[in-house]
Amino acid sequence: MEFFHNPNFDFLGKKWYFLAFSLVFSVAGVWSMLFWHHIPYGIDFRGGTLVYVKFSHTPNINELRHEIDHAGLHNFKIQNYDIPSNNEVLIDLDVQETSEQALDKGKAQIIRTLETNVPSGKIDLNNAPVLTIKQYLMDKDPMHLGSDADQKYTQQAQDIVNTRDKVHGGVLSNFDELKGAVDPAAVASLPDGFFLSDFGVRNVEIVGPEVGAQLRKQAILATVYSLAGMLIYLGFRFEWIYGVAAVVTVFHDTLITVGAFSLLDKDISLTVIAAILTLIGYSNNDTIVVFDRIRENIKLMRREKLSDIVNRSINQTLSRTILTAGLTFLTVLALYLFGGEVLRGFSLALVIGILIGTYSSIAIAAPILVAYQDWRVKKGKRPTAMPVRTR
Amino acid sequence: MQKNLLWRLIVILGALLVFLFGILGIPQGLSGHDLLKAMTDRIHLGLDLRGGTHLILQVQVNDAVNVDAQNAIEVLKEQLNKHKISFADISQPDPQNNPDHIQLKGIPPEGHKDLMDIASERLPEYNVSSGANNTYMLNMKPQMLTDLKNRAVTQAIETIRNRIDQLGVSEPTIQEHGLGQYQILVQLPDVDDPGRVKDIMQSTAMLEIKQVIGGPYPSDQAALQDKGGVLPPDAILLPGHGAPGAPPDQEAWYLVSRVSAVRGKDLRDAQPSTDQNGQPSVHFTLTGEGGQRFYNFTSAHVDDRLAVVLDNKVQEVANIKEPIRDTGEISGGSMTEQQAKDLSMILRSGALPAGIKYLEERTVGPSLGADSIRHGVTAAIIGMLAVLIFMLIYYRAAGINADVALLLNLVILLGFMGYFEAVLTLPGIAGVILTVGMGVDSNVLIFERIREELRNGKTPPSAVDQGFSHAWITIVDTHVTTIVSAAILFIFGTGPVKGFAVTLTFGLLANLFTAVFVSRAIFDWVLSRKQRGDALSI
């Protein structure tokens with residue numbers, strides 16, 4: 001099977017279309033970063049509190065918003081996490097509501113607000129830690145244990161929490177759901193001291209403003225180091241102009257990917273930055289494959305114009321470029337579709353980046369080489385079509 | 001040729017066995033459950049998959065500098081008095097931002113030499129400079145200051161580790177967080193209640209026993225009024241629990257001596273116990289030296305009151321009925337049994353050299369971790385199957401070659417993780433998937449090149465040879481660039497992101513071996529079984 005049989009497209013002839021295409025997307029992204037959604041920093045970079053709450057029924061977002069606002073928290077966003085039928089919401093408190101002194105104040109306040117109709121003196125089993133449950137069992141001693149009560153009740157408490165979290169997704173709606181995994185006497189003793197609220201907190205992320213600023217700086221540094229690393233390696237392996245062309249290309253990819261996040265108003269988290277750094281490496285792969293072939297062909301076709309050599313090289317590697325990009329895209333798409341909400345931003349960055357990275361190695365990197373050569377000729381320098389060292 | 005091939009086959013089988021051992025060790029049995037258990041024993045799951053708490057905290061190193069500077073002030077006062085040099089004031093002009101700066105005012109000119117001698121002899125870690133109007137300035141030498149701050153962080157790590165070990169948290173990570181200044185990274189797998197652990201870590205546990213001079217007062221204002229608006233120079237006001245019998249949330253302030261009779265470092269042991277009312281309390285024992293000091297103090301102050309002060313809060317006030325040598329009790333407040341246990345543990349673990357502040361807190365509930373594992377594994381299997389099937393369709397027999405190489409790549413990657421005790425995170429699983437996608441790139445590069453050479457009329461053996469040798473340089477280049485990216489991620493990332501960098505790097509290194517060495521061996525084996533002139537299925 002073969003997709004391309006001796007392709008012969010005139011890529012360089014279409015460079016103005018490519019340039020226009022890239023400009024439209026870059027400008028749209030930059031415009032959005034400056035004037036529309038700005039850079040949608042995730043919690044890692046802006047600081048704040050994220051509380052993921054799972055309900056036993058489909059929650060009414062508007063009602064929740066009203067309740068939390070009523071409880072004295074005002075700067076927050078609340079939205080469905082994943083699909084609404086997942087019954088999970090994400091409450092996003094602004095960094096203003098995140099106190100330096102007591103980092104987890106906002107989280108505690110949300111839990112208090114959501115726990116409505118608390119029977120007096122009872123504890124919410126859906127949000128109780130192992131230790132609290134163990135302490136309760138020790139006091140009640142429903143299994144009438146002797147000397148090893150501490151250890152046995154710790155195990156029971158652990159089983160209760162495991163059943164709640166791993167079998168029932170974090171929320172129990174009925175004490176009977178514990179039967180089978182936990183000792184019946186222990187289960188029977190629970191309703192005296194515990195009640196079941198209609199929600200469980202699944203995940204909490206609290207980032208103070210200091211760390212946010214620190215991580216922002218590091219993300220930018222990491223990206224810059226990555227680009228510099230590429231420039232140095234490629235300058236060493238090829239000529240410096242190849243390095244420059246590759247780095248300009250990768251910068252173009254990064255800009256468009258970040259721009260896309262701004263246009264779509266998707267949060268840029270730490271893992272998204274990780275994806276972007278990976279793309280810097282990946283996008284370079286494609287560029288290097290084309291450059292390697294250009295270098296090889298320059299030696300074979302000494303009489304031809306550089307633009308013809310470049311065109312030929314792109315066509316020769318086209319099949320490989322499309323295939324690997326397609327296969328990587330396939331795996332990344334699987335990640336985007338099946339990898340769950342936690343990885344959604346990460347896989348989105350990879351999905352966008354792989355498309356752009358493949359396009360740019362053909363449409364941006366190679367034309368830069370040719371443009372540089374044309375510019376040298378125009379300046380009256382020796383039309384050396386040999387920016388090559390043989391290694 | 002045949003012999004060479006056999007040798008290569010042995011290398012490949014050896015690698016397979018070595019890395020399978022890396023993944024599984026020696027499993028208990030061969031059922032799915034046993035294998036899974038063997039695997040999770042070797043490859044540790046990150047916090048995001050297994051649930052737990054991730055904290056970043058900052059050591060307030062200026063606290064430690066402050067203590068040192070206050071010590072220096074005491075030394076200066078004592079020595080100046082001893083040398084009969086008068087002085088107007090010795091203080092820290094800016095304890096907030098420059099706690100190591102000490103200002104001396106009103107030193108007569110004839111005291112200059114003695115002061116310099118005192119400073120160089122008793123306070124060698126300070127630089128002295130003289131200013132106008134008989135003032136002098138002491139500030140710590142930069143190297144000493146840095147050392148002091150770093151020591152505070154190291155000590156804090158030690159103390160926190162002691163405390164966490166006693167809590168029985170399995171596999172905790174406590175290390176300096178190199179990305180920030182004076183920060184510590186603490187990761188506690190399976191801890192679902194960060195509140196208690198945080199309190200335990202944060203408690204500076206500075207225990208002091210001081211003499212009570214006055215109080216309790218209902219507020220600090222009332223105390224000031226009682227003393228005519230000025231506190232005695234050797235006394236300080238500290239908040240405490242209410243007087244016995246009063247409601248526990250009522251404020252109470254005590255005037256106590258600035259100097260402590262007993263300090264935290266005089267403690268030898270602390271154990272939970274009950275006081276005479278049957279309430280939970282903490283019973284402590286002093287060291288020999290501390291006990292002697294305490295005996296001297298209590299002998300001199302029979303019928304006075306003493307205060308047990310914990311972290312600058314008066315815990316308990318008691319009358320001294322007779323000299324006490326080396327034991328004491330902390331009760332008061334309304335301590336629960338758990339609190340008494342925690343407090344004695346904290347006291348045993350030693351005091352923190354400086355306060356700590358929490359900068360970041362992330363808790364992953366186990367339910368989310370379990371979901372993440374399910375999603376990650378689903379995506380990995382679907383992504384891999386898609387690639388494996390595509391390669392079979394597109395390259396036919398050579399596709400089998402690529403698929404074998406890919407599967408071996410995966411085994412080596414996981415084996416590496418087992419050997420290096422690397423942590424598998426959710427982005428790490430994504431890294432595994434990505435490795436499959438990127439790893440296949442090498443195969444495609446080679447196969448496309450072979451097809452091209454075949455089209456140009458080369459014989460299969462020479463096409464295979466040319467394909468591999470031409471693609472090799474390119475493959476090295478592409479791998480190096482991606483590994484550079486991953487290395488930078490590893491340096492700058494924490495937790496999940498680091499896990500991603502690790503799997504990506506291991507995966508790509510393994511790929512160099514599988515896509516080139518293994519795949520070549522399979523090709524050679526296929527070619528060796530063919531007649532001259534037979535076509536290659538690619």
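This passage walks through a sheet shared by two chains, the contact between those chains, and a nonpolar core, all in a predicted model.

A good place to start is the open sheet, whose eight strands follow the order 2(A)-3(A)-1(A)-6(A)-18(B)-2(B)-8(B)-7(B) with antiparallel pairing. At its edges lie strand 2 (76-80) of chain A and strand 7 (173-176) of chain B, each of which pairs on one side only. On average, neighbouring strands are turned by 20 degrees against each other, direction ignored. Helix 7 (residues 194-202) of chain B packs on this sheet, where it touches strands 2, 8 and 18 of chain B; the direction of helix 7 makes about 160 degrees with that of strand 18 of chain B.

Within chain A, strand 1 (residues 48-55) and strand 6 (residues 199-207) run antiparallel and are joined by eight bridges. Gly48(A), for instance, has Val207(A) as its bridge partner in strand 6 of chain A. Strand 6 of chain A also pairs with strand 18 of chain B, again in the antiparallel sense, over five bridges. Here Asn203(A) stands opposite Val364(B).

Turning to the contact between the chains, chain B contributes 62 residues and chain A 61 residues. On the side of chain B that touches chain A, helix 11 (366-395) is among the elements supplying at least two residues, and helix 11 of chain B gives the most, with 17 residues. That side of chain B has 36 nonpolar, 16 polar and ten charged residues.

Finally, the largest nonpolar core has 242 residues, and Ile433(B) and Leu489(B) have the most contacts inside it. Ile433(B) touches residues of both chains, including Leu335(A) and Ala379(B).

Terms used:
Residues are numbered from 1 along each chain as its sequence is written. Chains are lettered from A and ligands numbered from 1 in the order in which they are written. This is a predicted model: local features need pLDDT of at least 70, side-chain atom pairs count only at pLDDT 80 or more; totals for chains, interfaces and linings use all residues. Two strands pair if DSSP finds at least two bridges between them. Helices (H or I, at least four residues) and strands (E, at least two) are DSSP runs, numbered from the N terminus. Axes are lines fitted to C-alpha atoms, for helices over the stretch in contact, and angles run from 0 to 180 degrees between N-to-C directions. Two residues are in contact if their C-beta atoms, placed from the backbone, lie within 7 Å. A nonpolar core is a set of buried Ala, Val, Leu, Ile, Met, Phe, Trp, Tyr and Cys residues joined through C-beta atoms within 7 Å. A residue is buried if 20 or more other C-beta atoms lie within 10 Å of its own, exposed if 12 or fewer, and partly exposed in between; C-beta atoms are placed from the backbone. Ala, Val, Leu, Ile, Met, Phe, Trp, Tyr, Cys and Pro count as nonpolar, Asp, Glu, Lys and Arg as charged, and the others, Gly among them, as polar. Lists of a residue's contacts leave out its neighbours within four places in sequence.
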